[in-house]
Amino acid sequence: MEKIVILTGAGISAESGLGTFRDEGGLWAQHRIDDVATPEGFTRNPQLVHDFYNARRAQAVEAQPNPAHEALARLQREAKGEVVIVTQNVDGLHEAAGASGVLNMHGALEGALCATCDHRWPAPLAMAPDDQCPSCRSSTTRPDIVWFGEMPYFMDDIWQHLEEADVFAAIGTSGQVYPAAAFGQHAGRAGAHTIELNLEPSVNSRDFTEARHGPASELVPLWVEQELSR
Ligand code: OAD
C-alpha cells in the first residue's frame with residue numbers, strides 16, 4: 001500500500017491570513033529572529049517573546065483552514081495507504097481541518113511548556129513571564145515552540161517515515177530551515193517520487209522530481225484529486 005509523506009510550511013497558511021516568515025513584509029522582516037525565536041532571546045526578554053507568540057496565537061485562533069488544509073485532511077481520510085502530515089507550522093490549522101496524527105515538528109502555539117520540569121499543558125490565549133507551571137510552580141513557562149538552536153520534535157519518526165515514503169510532497173515552504181529543508185533529498189534518495197508545491201521555486205527545488213508553482217489553495221486540491229484517482 002502506498003505511503004504518502006507531506007511536509008508543510010508557512011505558505012499553506014498564507015491564504016488563511018497568516019503571514020509567512022521570509023516573503024516580502026514577512027515576520028522576519030518585522031522581528032529579529034535572535035530576539036523572538038531563540039532560547040537566548042527568551043532569557044534576555046521573556047515579555048517580548050511572549051508578546052510575539054501571544055499575537056500569533058491570537059491570529060491563529062481566528063484563522064480558518066483553507067482549501068489546501070482541507071484537501072490534505074481529505075487525502076488522509078480517503079487514500080488507501082498511509083498519509084503522514086509533518087508540519088513546520090505552529091498554527092493548528094491542519095487539525096482544525098480534520099487531519100489526524102499531525103507531527104508538529106516546530107511545536108504548537110496552543111501548547112505551553114515548563115522550562116524547568118518539561119511539563120506540558122494547553123497554553124492560555126496570553127502567556128506572561130510570571131505564569132506558574134501547574135506542576136512544579138516555577139515561573140519558567142514558555143510557548144511549546146521549537147526555537148533556533150533547539151532540536152525539532154519527532155525527528156526519529158520523521159526520518160523513518162521519509163525512508164518508507166513512496167511519495168513525498170513539500171508544500172508552502174522556502175526550504176531554508178534545516179532539518180526540514182533536507183527532507184526532499186532524503187526521501188528521494190530512499191526511492192520516493194518527490195514533488196514541490198509552492199508559490200515559487202524554493203531554494204532546493206532541484207532536489208524534487210517534480211515541481212508545481214502557484215497558490216496552495218489551487219495546487220493542493222488538484223494534486224490530492226490526482227493522488228486519489230491514481
Ligand atoms: P517561509 O516564510 O520561509 O517560506 C514560505 C514559502 O511559502 C515561500 O517559499 C513562499 O513562496 C511560499 N508561499 C507563500 N504564499 C504561498 C501560497 N499562497 N501558496 C503556496 N506557497 C506560498 O516559511 P517556512 O518555509 O515555513 O521556524 O519557514 C520554515 C521555518 O522558518 C518556520 O517553521 C519558522 C521559520 O523561522 C521557526 O520559527 C523555528
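1. A polar contact is taken here as a pair of N or O atoms within 3.5 Å; within protein, one must be able to donate a hydrogen and the other to accept it, and residues adjacent in sequence count only if both atoms are side-chain atoms. The model is predicted: local features need pLDDT of at least 70, side-chain atom pairs count only at pLDDT 80 or more, and totals for chains, interfaces and linings use all residues. Residues are numbered from 1 along each chain as its sequence is written, and side-chain values use heavy atoms, with hydrogens and water left out.

2. Three residues place polar atoms by ligand oxygens. Phe21 does so through a backbone N or O atom, at 2.7 Å from an oxygen atom of the ligand. Polar side-chain atoms of Thr173 and His106 lie 2.7 Å and 2.8 Å, respectively, from a ligand oxygen atom. Of the ligand's own accessible area of 800 Å², the protein covers 95% (Shrake-Rupley method, 1.4 Å probe).

3. Around the ligand there are 24 residues, of which Ala10, Phe21, Arg22, Thr173 and Ser174 come nearest (a residue is near if one of its heavy atoms lies within 4 Å). The ligand lies between domain 1 (1-17 + 65-106 + 152-230) and domain 2 (19-62 + 107-145), because both give residues to the shell around it; the bounds come from an automatic or database domain assignment.

4. An open, antiparallel sheet has three strands in the order β5-β4-β6 (strands are DSSP runs of E, at least two residues, numbered from the N terminus; two strands pair if DSSP finds at least two bridges between them). Its edge strands are β5 (120-122) and β6 (141-145). Strand β4 (residues 107-114) pairs with β5 over three bridges, and Leu113 stands opposite Arg120 in β5.

Definitions and conventions:
Helices (H or I, at least four residues) and strands (E, at least two) are DSSP runs, numbered from the N terminus.
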